[in-house]
Amino acid sequence: DKLRIAALEATLDAYARNATTSELPTHQMISMSFNELESRATNFIAQIKASNASDLSFEIVEGESAIGGGAAPTSRLRTPLISINHAQRSANQIEELLRQSDPPVIARIEDDRVLLDLRTVAADDETSLTAAVTSLGQ
């Protein structure tokens, strides 16, 4: 339809002008450094701790972000992940509550830990994510 064609045209125009990193969200996310993401994760955790979400505990763990879909599903980038634990809730319960928040938060579970990858979160969406995670501890 016309919307898809317009989006494709804008994307191809950004490639032609070598402006992909500044204009395309996917390129912005892929180009973030480990240190930049780690700083964002540290600030994110500090904001939640300041809200008195005492039942929650956090840890920054090293992991990977899967990059690409059909074209490159096996490409991976080293990424700091935020591990969320709750004093009374299981990882599955935490993940379900996040999914039911508004807007829904998609997390992953590995080794019985809920993991958030800020590489996949636009800076504009961090406030909503902070609110969703903070609500888990209340």
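Me: Exposed means over 50% relative accessible area, buried means under 20%, and partly exposed lies in between (1.4 Å probe, protein chains only). Why is Asp112 called exposed?

Reply: Asp112 has a relative accessible area of 60%, and the cut-off is over 50%, so the word fits. The model here is predicted: local features need pLDDT of at least 70, side-chain atom pairs count only at pLDDT 80 or more, and totals for chains, interfaces and linings use all residues. Residues are numbered from 1 along each chain as its sequence is written, and side-chain values use heavy atoms, without hydrogens or water.

Me: What makes the backbone of Asp112 worth a look?

Reply: Its phi is positive, about 60°, although Asp112 is not a glycine. Most residues other than glycine have a negative phi. Asp111 also has a positive phi, near 50°, and counts as exposed at 69% relative accessibility. Asp111 lies in the loop between S3 and S4, and Asp112 lies in that loop too.

Me: How do you know which parts are helices and which are strands?

Reply: They are DSSP runs numbered from the N terminus: helices are H or I of at least four residues, strands E of at least two. The protein chain has 6 helices and 4 strands, in the order α-α-α-α-β-β-α-β-β-α.

Me: Why is the bond between Asp102 and Pro103 called cis?

Reply: Its omega is about 5°. Most peptide bonds are trans. Pro103 sits in the loop between H5 and strand S3 (108–110).

Me: What makes a set of residues a nonpolar core, and how many residues has the largest one?

Reply: The members must be buried Ala, Val, Leu, Ile, Met, Phe, Trp, Tyr or Cys, joined through side-chain atoms within 4.5 Å. The largest core has 24 residues, and those with the most contacts inside it are Ile82, Ile84, Leu98, Leu116 and Val133. Elements that give two or more residues to this core include strand S2 (75–86), helix H5 (91–100) and helix H6 (126–136). The largest share, 5 residues, comes from H4. In the whole protein chain, buried residues make up 35% of the 138.

Me: How do you know that Arg78 sits over the ring of Phe34?

Reply: The rule asks for NZ of Lys or CZ of Arg within 6 Å of the ring centre and within 35 degrees of the ring normal. The charged end of Arg78 is 3.7 Å from the centre of the Phe34 ring, so the distance is inside the 6 Å limit.
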